[in-house]
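I opened a notebook to record what I looked up in this structure. The entries follow the order in which I made the queries.

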Amino acid sequence: MKLLLALLLSACPAAAAEAPYFVNVASAAGLAAVSAQNPAWADLNGDGWPDAVLGSTFGGQASYVFLSSPSAEGRGFRDFTAESGLNAAPAPSTASRAGSALVFGDLDNDGDLDLFSARYSEFEKPRTDPKTGELLKDAEGKPVFEKQDDGLRSAVLLNDGTGRFTHLDNSGVENPPETSGSGALFDYNGDGILDLYAGNWYKEYGVSFLCYPSRLYKGLGNGMFQEVTAEAGLLTSLTEGRPDSSRPVYGVSHCDWDNDGRQDILVSVYGRQGNRLWRNNGDGTFKDMASVSGFDGDAVRHGRYPPGVKREPEREWRSHGNTFSAACADYDNDGDMDVFLGEITHAWAGEASDRSSLLENLGAGKGFAFKRNSDVLYRVHQDTRNWNQGDMRVSWADFDNDGRQDLLLASGDYPDAQYLRLFRQIKPLKFEEITEKAGFGWESSGGISIADYDRDGDLDILAGKSWMRMPAARRQGAWPAPALFRNDFNNGNHWLAVKLEGRGAGAANKGGIGVRVTVKAGKYRQVRELSTAHGHAGLSDEQTLHFGLGGARKADSIEVRWPGGAAVYKNIPADRYIKITEGGGLTDWLPGKRANP
């Protein structure tokens, strides 16, 4: 009788609800044998299964590639790093070269994912005397620099379709050598070829506020680029504190902020300087709408520090935030793109330093201005006088398939309770933190990337690990290995996943980047756009659109906004992967078959 009762209790819903929503299966899947701080999901060999690319800074810059493969657990990963060529320098050099940010996109419209590999060059930072702070000079009176130019630059790497990459010589992105730490690939001029915006950082960090200008490169096809920064109205100056001064960029995002069908550029700026929102004018030029829209920073601009902090007040241009990520999403299902900003904030910096915030897009009637809310994710700090929020990465996703997008916040790099946190959306502007129920316990999180890696209909999380400032006693293992959090919600909600395929040059880019998809199902009308990056170090998710449908067993309609016009499909059954081709209709899309043969 006792055995029967125990079996009945173990099968009841209340008992099942006690299980964590996610389980870390990185070790069993074969991903825990290396260090990873900046992971990304990308289907490198076109078999329909997302592969894991792990960017590491532990013991030196490196990238690891693990291809998705069948395993006893369902899906595992095999090391493909050597074959991938991601760490190889261009010939004739035999040196190792790894990118500081990896941004994937189909640059030559041949149906596979190529790569912009940003190079964090810092060859113009002068060395200073540690005691006096004065610049050091050699016998000839010339500045002494901290790092010697090793000749390695940002680069384009082309994929042969099997996940093997080769450097494209003279692609147009190699010069000048600047501190590129982020970037995004998107089609700004609607010619069906991906373009590149590279986000650049300080010229001489710790010495001055001078920054390199971030740059726009027009895609020419076949992976080639031409810089058009000045022509596009994006060129900023090598000065400090002026409206046109270059600023230190830690993240680049893109989305159609103002619903005009064109991709805009959202620039996440570090160093308490204002963010930039470059509106696409549609004629090849851009205009900064950050201050008009409220994207630049919050309303507190006095720059004063709290009592007891012995610092002079900052000037207005240094009283914004330390923004690392800007994640676009129509989180409230009202048809326009909202944004969540991930910020680093410290108690000692005071109220003028921006906190992580939800920026609600007020729509056409208010000029697509943002309403900022920094209290939507409530957190308690144990030490109210000395706390940090290292919110460097953030992503939107519907993890429970209920039709409302949830917020995943990855905090790290400080020793006071920085964790991977999950906030489930209850209704607009109301979130419930379910980190404990999720079962994460993931302290000092690195980057995050989201995909349905096992193709079971719910979204899983690849999370990096940072040991920066983490006490040795709290470090586990010999290196900061990543986590693979498999989604085990199992709540019975329905879903739909969409793979896009454009026609290429002259139409939509082959990967469908920037294409907007609207799904109506039940009481929700959900809008998604396909993007390549939304933050620090190439922060990105798999390039597939995922829609939770709740209790709806079908999508009443799917509308795809291609550059040449919209296509609408009716009554699409749920719980399936589909591919929608520009001008070619809707078909089932099954893993194991190349999406673009």
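The entries below cover the nonpolar cores, a run of paired strands and an open sheet.

**Entry 1: status of the model.** I noted at the outset that this is a predicted model.

**Entry 2: nonpolar cores.** I looked up the largest nonpolar core and found that it holds 55 residues. I then asked which residues touch the most other members of this core. The list reads Tyr197, Leu216, Ile265, Leu500, Ile558, Val560 and Ile580. Strand β34, residues 554-562, gives the largest share of this core, with four residues. I also recorded a second, separate core of 21 residues, with Ala410, Trp442, Ile461 and Phe489 among them.

**Entry 3: surroundings of Tyr197.** I listed the contacts of Tyr197, leaving aside neighbours within four places in sequence. Among them are Ser182, Gly183, Ala184 and Phe186. The list further includes Ser214, Arg215 and Leu216, as well as Leu234 and Val252. Ile265, Val267 and Trp278 are also in contact with Tyr197.

**Entry 4: strand β16 and its partners.** I asked whether strand β16, residues 276-280, is mostly covered or exposed. The strand is mostly covered, as four of its five residues are buried. On one pairing, three bridges join β16 to strand β15 (residues 264-269), and the two run antiparallel. Here I found Leu277 of β16 as the bridge partner of Leu266. Six residues lie between the strands of this hairpin, and in it Gly271 takes a positive phi near 70 degrees.

I then followed the pairing of β16 with strand β17, residues 286-288, which is antiparallel and has three bridges. The bridge partner of Trp278 in β17 is Asp288. This hairpin has five residues between the strands, and Gly282 takes a positive phi near 85 degrees.

**Entry 5: an open sheet.** I looked up a sheet of four strands and asked in which order they stand. The order is β1-β28-β27-β26, the sheet is open and the pairing is antiparallel. The edge strands are β1 (22-24) and β26 (445-451), each of which pairs on one side only. Direction ignored, neighbouring strands of this sheet are turned by 25 degrees against each other on average.

Within this sheet I examined the pair β27 (residues 460-465) and β28 (residues 483-487), which run antiparallel and are joined by three bridges. Ala463 stands opposite Ala483 in β28. I added a general reminder that strands of a sheet pair through backbone hydrogen bonds, either parallel or antiparallel.

Methods:
Residues numbered from 1 in each chain as written. Predicted model: local features only at pLDDT ≥ 70, side-chain atom pairs only at ≥ 80, totals over all residues. Heavy atoms only, no water. Core = buried A, V, L, I, M, F, W, Y, C linked by side-chain atoms within 4.5 Å. Buried < 20%, exposed > 50% of the residue type's maximum accessible area, 1.4 Å probe, protein only. Contact = heavy atoms within 4.5 Å. Pairing = 2+ DSSP bridges. Axes fitted to C-alpha atoms, helices over the stretch in contact; angles between N-to-C directions.
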